[in-house]
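Dear colleague,

Please find below the structure that I agreed to pass on to you. My notes on it follow.

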Amino acid sequence: MDLTDAAVRADLVERLSKLYAGRPVILGPGILAGRTAQVAWLRAHDCRVLVLATARGAGPVPGPEECTVVEVETPVTRLVTDELRLLDHLAHHPPAHVVAAVERFDPAGEAIWNPGHFVTDDEPILGRQVVGGRPASYVRLEDKLYAEEVWAACNVPTAPHRVVPVEETALAEATAELSGPLGAVWTGDTRDGFHGAGNYVRWVLDESDWTLAQGFFSLHCDRVRVMPFLDGVPCSIHGFVLPDGTAALRPVEIVVLRKAGAREFVYGGLSSYWDPPDSDRAEMRAVARRVGNWLQTAHDYRGAFGIDGVLTADGFRPTELNTRMPAGAELLSAVDRVFFDLLQKHLVAGLDTGVTAADLEGLVALMDAERAGRPVAIGQGVSLGTSDEYDLDWDGTTLSRAAHATGTTLVLADTRSGFFSMISPCAALGPGDRLAPINAALLALLDREYDAGFGPVEAAPDLR
């Protein structure tokens, strides 16, 4: 099947769209602006739509003629991880007014419920079929400590590391043994649930860092993985596990900016504009295939996954496994978002698509030709008290408000855990460009214009 042919993909999308077949669809809970494109597509396929909205979000939102919106008030959270965990809890324990709204919207119980990638979908919600989440068994595979066992099973080169209990002597010994010139990095287990956005990662260089990190992990984890600070470009590689094997996609840059004085990481956006050397690209894709095939054999895994890591002076070194539709895979799916969305839903549900691993890998050339990327800034525990949208000028070093349309547009809005800002579209990027410098400039702009409190940051160096 030649998926580079738009007509072939269109025919396949039409067939896979029968999953919805004009049925009512419930979306969320989540950010309303994040559902705008999905609502438009569903309406075009004669689906009535109910959206459970925890906040408006940044960017355009669907109008009242397109869907029914039910507001779901949630407590303010300090971390992105807490917000994502809350969404999973809300989906499975909806408040009374949500239950009533669902029953009014879908009295016959025929709706499909699409809650989002972070919500478990093993069981129906309020008697409705759930699609678009992931089984609970997949969530357990995201433990950053378990990932080390995966790399060993798949013969993936890794950085030296030790997994130790959250205990002063064990942590001190492991850190002293493994620290490099930039110190060490501690990563916690998933005792209290999955975590992301670097919320359970700490950069440790001196005794003060040790004390603060141990205090945090003692409240949230039983064990910690200690490894040297890995210098180089943070990046990821993604794959799809299909019935006949694993399709590997292309590398994606992950923006992880550094606040060296405070020993903090600031996570930003993603980009496929960056190109690693061809040999590293080939090795990263080979790693994705080995890991995907192992997940299929050992855990009956289906669908998308991602491997985050760092392209160091010695090559790619993985740091975590994401067993869901990761943000990097979503970025690459921009070549045909509807196709990839339907493919993922069918694969996780164990439904036949007729797509092979070779078919899907044929789209990598299209991903290389149609790059995607956007700088992102997430304020955790900081609200801006406003929403905004305007174009920006980029002079190669600094972002500033533009007096005319530039094709580089800033949007921002508050969330329940702080605020979210992005530059989308971002005409400042070209093939081969790193996203990190533009993302650092975005944080500087937000500090100047909104007193966002990020402070000075620097991009990781490219050592290859």
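How many of the residues of strand E12 (residues 252–259) are buried? The model is a predicted one, and in it 8 of the 8 residues of E12 are buried, so that the strand is mostly covered.

**Strand E12 and its partners**

In a regular strand, the side chains point alternately to the two faces of the sheet. In E12, both faces are covered. Val252, Ile254, Val256 and Arg258 are buried on one side, and Glu253, Val255, Leu257 and Lys259 are buried on the other. The buried residues of this strand thus include charged side chains, among them Arg258 and Glu253.

E12 pairs with strand E10 (residues 233–242), to which it is joined by 2 bridges in the antiparallel sense. Within this pairing, Cys235 has Glu253 of E12 as its bridge partner. E12 is also joined to strand E13 (residues 264–271), again antiparallel, through 6 bridges. Here Leu257 is matched with Val266 of E13. E12 and E13 form a hairpin, with 4 residues between the two strands. In the turn, Arg263 has a positive phi of about 50°.

**The five-stranded sheet**

An open sheet of 5 strands follows the order E17-E21-E20-E18-E19, and its pairing is antiparallel. Its edge strands are E17 (376–380) and E19 (399–401), each of which pairs on one side only. From one strand to the next, the twist averages 30°. Helix H14 (residues 436–450) packs on this sheet and touches E17, E18, E19, E20 and strand E21 (418–426). The direction of H14 makes about 45° with that of E19.

Inside the sheet, strand E18 (residues 388–394) pairs with strand E20 (residues 408–415) over 4 bridges, in the antiparallel sense. One of the residues in this pairing is Asp391, whose bridge partner in E20 is Thr409.

The loop between E20 and E21 contains Arg416. Arg416 is partly exposed, because its relative accessible area is 25%. Arg416 and Val76 are 340 residues apart in sequence, yet their C-alpha atoms are 4.9 Å apart in space.

**A pair of packed helices**

Two packed helices are described by the angle between their axes and the distance between those axes. Helix H6 (residues 146–153) packs with helix H9 (residues 278–299) at an angle of about 105°, and their axes are 10 Å apart. H6 is therefore roughly perpendicular to H9. On the H6 side, the contact is made by Tyr146, Val150, Trp151 and Ala153. On the H9 side, Val291, Trp294 and His299 take part. The residues of this contact comprise 6 nonpolar, 1 polar and no charged.

**Cysteines**

How many disulfides does a search of the whole structure find? The search finds 0. A disulfide is a covalent bond between the sulfur atoms of two cysteines, and the cut-off used here is a sulfur pair within 2.5 Å. Cys47 cannot be assigned to such a bond, because the closest cysteine sulfur, in Cys67, is 13 Å from its own, which is too far. Cys426 is likewise in no disulfide, the nearest cysteine sulfur being that of Cys235, 20 Å away.

Are these two cysteines, Cys47 and Cys426, buried or exposed? Cys47 counts as buried because its relative accessibility is 0%. Cys426 also counts as buried, at 7% relative accessibility.

With kind regards

Terms used: Residues numbered from 1 in each chain as written. Predicted model: local features only at pLDDT ≥ 70, side-chain atom pairs only at ≥ 80, totals over all residues. Heavy atoms only, no water. Buried < 20%, exposed > 50% of the residue type's maximum accessible area, 1.4 Å probe, protein only. Pairing = 2+ DSSP bridges. Axes fitted to C-alpha atoms, helices over the stretch in contact; angles between N-to-C directions. Contact = heavy atoms within 4.5 Å. Parallel < 35°, antiparallel > 145°, perpendicular 65-115°, else oblique.
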